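The exercises below ask you to work through a structure step by step, with a solution after each task. Try each task on the model before reading on.

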Amino acid sequence: MKKNGQKEVCSNTQAVHAGETGAYWGNSLTVPIAQTSTYVFEDSDAVHRFVTGEEVRIDYGRYGNPTQHVAEQKLAELEGAEAALLFASGMSAVTTTLFAMLSTGQHAVIMDDCYRKTTQFCKMVLRKFGIETTFVPAGDYEALEGAIGEKTRVLISESPTNPHLNVMDLERVVEIARAHRVKVIIDSTFATPFNQRPLEFGVDLVIQSCTKYLGGHNDLIAGAVLGAAPIVGAIKDYRGILGGVVDPHCAYLLIRGLKTFPLRMARQNEITFAMAQFLEAHPRVRRVYYPGLESHPHHRIAKTQMRGFGGVVSFDLDTDLEGTMRFLDGLQIPVIGASLGGVESIVSHPASISYYELSREDRLEIGIKDELIRYAVGIEDAEDLIGDLSQALDRI
Ligand SMILES: Cc1ncc(COP(=O)(O)O)c(C=O)c1O
């Protein structure tokens with residue numbers, strides 16, 4: 001997507017080459033895995049140059065690693081960000097960022113449809129440190145502005161959200177935040193930089209769970225925060241203290257995954273759109289949540305700020321809990337699991353996987369119905385996936 005005549009980013013060329021210097025050990029084509037915890041100094045003068053800032057280098061693995069730096073540079077270029085920081089998980093990126101940006105007595109506003117562990121962090125951990133959070137319905141801009149007070153420092157949202165795929169009007173969120181001098185953090189994991197680049201809308205920080213589409217192979221856990229260099233630099237100090245750094249082998253897997261990321265994402269957008277259309281027309285499906293469909297309440301805004309609509313489609317089946325289980329067990333291609341974004345399709349039943357600790361009444365209050373399914377589409381053939389959906393729908 002190009003906005004205000006800006007250069008197209010997140011291209012295949014960038015995905016393959018960005019961040020890579022090519023000057024690697026033994027003339028290796030691929031980025032070597034610097035499997036080390038510590039870095040040595042040739043003499044005491046080298047130590048002096050390092051501590052006085054005369055020489056910029058790494059001294060210890062918790063503060064950085066050459067393989068990790070290549071991955072960070074590649075992520076920054078794909079997102080159109082000045083700087084990127086990698087973490088041991090998406091949640092480590094979320095928690096370290098919020099610890100860095102909030103102090104005791106301050107306040108944050110968060111959309112209620114955010115990832116469950118992010119909301120738990122606000123309710124259980126930030127509260128323990130005297131930081132209060134107000135939850136507002138995703139997409140209710142009056143409630144969002146009304147929740148901002150003198151002590152508010154941060155607005156946090158996902159876009160699209162999980163599992164209902166609500167899409168925030170980023171320009172509007174930024175306008176509200178600027179009027180109150182509040183920073184905006186968008187968890188863009190479901191969109192990825194291929195489909196949406198929140199920094200172009202004035203958002204201060206983007207968070208990505210690289211575990212999902214960026215890694216793309218269901219084989220790593222990592223997270224990133226991206227934005228302007230000064231704010232990312234401040235968060236880096238907290239990462240060094242809190243310790244949620246990614247390991248070098250994981251950084252290598254991420255680099256490898258990123259090389260095919262735009263190819264995969266384009267395909268996942270395409271297949272998911274076709275599946276959403278199929279589901280919407282099916283008599284055993286009551287409602288489909290996919291921002292690419294005209295029936296989605298945020299379709300208009302999604303069309304203006306997203307290049308594609310992503311690889312997740314959620315839907316309510318026209319049945320009860322037993323029928324939903326027959327459907328789930330009837331699917332032959334996707335595995336049942338909790339993640340998304342990889343090459344293998346994964347289907348989940350949010351009520352029993354992610355929200356099982358809540359009572360049915362509490363689940364219903366936030367739209368997690370017994371018959372809600374979240375389908376994270378992989379890169380299998382569309383006709384196979386649709387054929388499989390069709391036979392499973394016949395079983396309910
Ligand atoms: C939107 C979103 N943000 C953050 C996370 C956390 O990422 P991770 O599992 O890499 O810690 C997830 C995980 O599912 C997610 O869906």
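**Exercise 1. Determine which residues come nearest to the ligand, and how the shell around the ligand divides by class.**

Solution. The model is a predicted one, and the ligand in it has 13 residues around it, of which Ser89, Gly90, Met91, Ser209 and Thr211 come nearest. Sorting the shell by class then gives 4 nonpolar, 7 polar and 2 charged residues.

**Exercise 2. Give the strand order of the sheet that holds β1, and place helix α3 relative to that sheet.**

Solution. Begin with the order, which in this open sheet of 7 strands reads β1-β7-β6-β5-β4-β2-β3, with mixed pairing. The edges are β1 (83-87) and β3 (132-136), each of which pairs on one side only, and the twist from one strand to the next averages 20 degrees. Next take one pair inside the sheet: β4 and β5 (residues 183-187) run parallel and are joined by 5 bridges, and Ile156 has Ile185 as its bridge partner in β5. Finally, α3 lies across β1, β6 and β7, and its direction makes about 130 degrees with β1.

**Exercise 3. Describe how α3 and α10 pack, and list the residues that make the contact.**

Solution. The geometry comes before the residues: α3 (residues 66-79) and α10 (residues 248-259) pack at an angle of about 35 degrees, their axes being 8 Å apart, and the crossing is left-handed. From α3 the contact draws on Thr67, Gln68, Val70, Ala71 and Lys74, while α10 supplies Pro248, Ala251, Tyr252, Leu254, Ile255 and Leu258. Counted by class, this contact has 8 nonpolar, 2 polar and 1 charged residues.

**Exercise 4. Decide whether Glu158 and His217 are buried, partly exposed or exposed, and locate each in the fold.**

Solution. Glu158 is found in strand β4 (residues 152-158). Glu158 has 25 other C-beta atoms within 10 Å, and therefore counts as buried, since the cut-off for that class is 20 or more. Leaving aside residues up to four places away in sequence, Glu158 touches Met111, Cys114, Tyr115, Asp187 and Phe190. Its C-alpha atom is separated by 7.7 Å from that of Met168, a residue 10 places apart from Glu158 along the chain.

His217, by contrast, lies in the loop between β6 (205-209) and β7 (223-227). With 15 C-beta neighbours inside 10 Å, His217 is classed as partly exposed, because that class falls between the limits of 12 or fewer for exposed and 20 or more for buried. With residues up to four places away in sequence again left out, His217 touches Gly257, Gly342 and Val343. The C-alpha atoms of His217 and Glu54 are separated by 41 Å, and these residues are 163 residues apart along the chain.

**Exercise 5. Work out the order of the sheet that holds β8, and say which helices lie against this sheet and at what angles to β9.**

Solution. In this open sheet 5 strands follow the order β8-β9-β12-β11-β10, and the pairing is mixed. Its edge strands, each pairing on one side only, are β8 (285-289) and β10 (335-336). Within the sheet, β9 (residues 312-317) and β12 (residues 372-376) run antiparallel and are joined by 5 bridges, and Val313 has Tyr375 of β12 as its bridge partner. Turning to the helices, α11 (residues 261-280) lies across β8 and β9 and runs at about 10 degrees to β9. Helix α13 (residues 321-330) packs on the sheet as well, where it touches β9, β10, β11 (346-348) and β12, and its direction makes about 140 degrees with that of β9.

Terms used: Residues are numbered from 1 along each chain as its sequence is written. This is a predicted model: local features need pLDDT of at least 70, side-chain atom pairs count only at pLDDT 80 or more; totals for chains, interfaces and linings use all residues. A residue is near a molecule or strand if its C-beta atom, placed from the backbone, lies within 6 Å of it. Ala, Val, Leu, Ile, Met, Phe, Trp, Tyr, Cys and Pro count as nonpolar, Asp, Glu, Lys and Arg as charged, and the others, Gly among them, as polar. Axes are lines fitted to C-alpha atoms, for helices over the stretch in contact, and angles run from 0 to 180 degrees between N-to-C directions. Helices (H or I, at least four residues) and strands (E, at least two) are DSSP runs, numbered from the N terminus. A crossing is left-handed if the near helix is turned anticlockwise from the far one by less than a right angle, and right-handed if clockwise. Two residues are in contact if their C-beta atoms, placed from the backbone, lie within 7 Å. Two strands pair if DSSP finds at least two bridges between them.
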